[in-house]
Amino acid sequence: MTRLILASQSPARTKLLADAGIRHSVLVSDVDEDAVQARYGITDPHDTALLLARAKAEAVAALPEAEGALVLGCDSVFEFDGEAHGKPYTAAVARERMLRMSGNTGVLHTGHWLVDCRATAAEKGASDDDTTPPGSGATLGTVASAEVHFMEMEPEEIDAYIATGEPLHCAGSFTIDGLGGAFIRKVNGDPHAVVGLSISTLRTLLAQANVRINELWPTQWPASQSTSQSAS
């Protein structure tokens, strides 16, 4: 059975995978994001998202638990006025950013990096009786970006939103799948990328590793679950 490990502690990312019916486990890396960026000196938001996604995926892929699995690393960076915005962590930073974002537009970049830790045909050897498909040896990635248009936000609304704590640990100080969705007018691009993981991008990366996404679907669907429901 093909295994996928998500190298991220983001509840939003694991929920996206679960909602899409993708079997996975979570193994969080101990990557120091600031140290990685300092080492490579990359400041471009697009490239930073890919660099950090790769660092997370490769760190988890090096662990014994990842043997025989596919490892996916993701990282999101919000680009606004030419600047890269990660998680604000403090209320003061979040408020300053959101006041600037009010009524304006930015781009959310989500880097994806996939490492195939399954044994390749050469590693299996000709005499190996294992019937599982060989690994591709792939280590590859890409970035899914989406343009986010914000509504005008009143200072009182911003303060109330920050008081919930939701934006403090989100790239760009907002979410689209939570309370912050009330302030987003529209998204040009893959909305899943704004949440933090593009399912269609994952499908493309898996295909390059010779894996179909349906191989990660449950072997049996619960009787109460339907992939399509009519409106009532």
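In which kind of crossing, left-handed or right-handed, does helix α4 pass helix α6? In this predicted model, α4 passes α6 in a right-handed crossing.

That pair of helices is a handy place to begin. Two packed helices are described by the angle between their axes and the distance between the axes. Here, helix α4 covers residues 91-101 and helix α6 covers residues 155-163. They pack at an angle of about 145°, and their axes lie 10 Å apart. On the α4 side, the residues that do the meeting are Ala-91, Ala-94, Arg-95, Met-98 and Leu-99. Their partners in α6 are Pro-155, Ile-158, Asp-159, Tyr-161 and Ile-162. Sorted by class, the contact of α4 with α6 brings together 8 nonpolar and 2 charged residues, with no polar ones.

Now for the strands. Strand β3 takes up residues 70-80 and is mostly covered, with 10 of its 11 residues buried. It is joined to strand β1, strand β4 and strand β5, and each pairing is worth a look in turn. With strand β1 (residues 4-6), β3 runs parallel, and 3 bridges join the two. Within that pairing, Leu-6 sits opposite Leu-72 of β3.

Strand β5, made of residues 105-116, runs antiparallel to β3, and 10 bridges link them. A pair to look for here is Asp-75, which stands opposite Gly-111 in β5. Strand β4 (residues 83-85) is also antiparallel to β3, and this time there are 3 bridges. Across that pairing, Glu-79 faces Ala-84 in β4. Strands β3 and β4 form a hairpin with 2 residues between the strands, and in this hairpin Asp-81 takes a positive phi near 55°. As a general point on strands, in a regular strand the side chains alternate between the two faces of the sheet.

Finally, a single residue close to the start of the chain. Thr-2 has its place in the segment before β1. Is Thr-2 buried or exposed? Thr-2 counts as buried because its relative accessible area is 11%, and the cut-off for buried is under 20%. What does Thr-2 touch, once its neighbours within four places in sequence are left aside? The residues in contact with Thr-2 are then Arg-23, Leu-70, Val-211, Glu-215 and Leu-216. Glu-215 also takes part in a polar contact, in which its side chain and that of Thr-2 are joined at 3.3 Å. Leu-70, another residue in contact with Thr-2, falls within β3, the strand of residues 70-80.

Terms used. Residues are numbered from 1 along each chain as its sequence is written. This is a predicted model: local features need pLDDT of at least 70, side-chain atom pairs count only at pLDDT 80 or more; totals for chains, interfaces and linings use all residues. Side-chain values use heavy atoms; hydrogens and water are left out. Buried means under 20% relative accessible area, exposed over 50%, partly exposed in between (1.4 Å probe, protein chains only). Helices (H or I, at least four residues) and strands (E, at least two) are DSSP runs, numbered from the N terminus. Two strands pair if DSSP finds at least two bridges between them. Axes are lines fitted to C-alpha atoms, for helices over the stretch in contact, and angles run from 0 to 180 degrees between N-to-C directions. A crossing is left-handed if the near helix is turned anticlockwise from the far one by less than a right angle, and right-handed if clockwise. Contact means heavy atoms within 4.5 Å. Ala, Val, Leu, Ile, Met, Phe, Trp, Tyr, Cys and Pro count as nonpolar, Asp, Glu, Lys and Arg as charged, and the others, Gly among them, as polar. A polar contact is a pair of N or O atoms within 3.5 Å; within protein, one must be able to donate a hydrogen and the other to accept it, and residues adjacent in sequence count only if both atoms are side-chain atoms.
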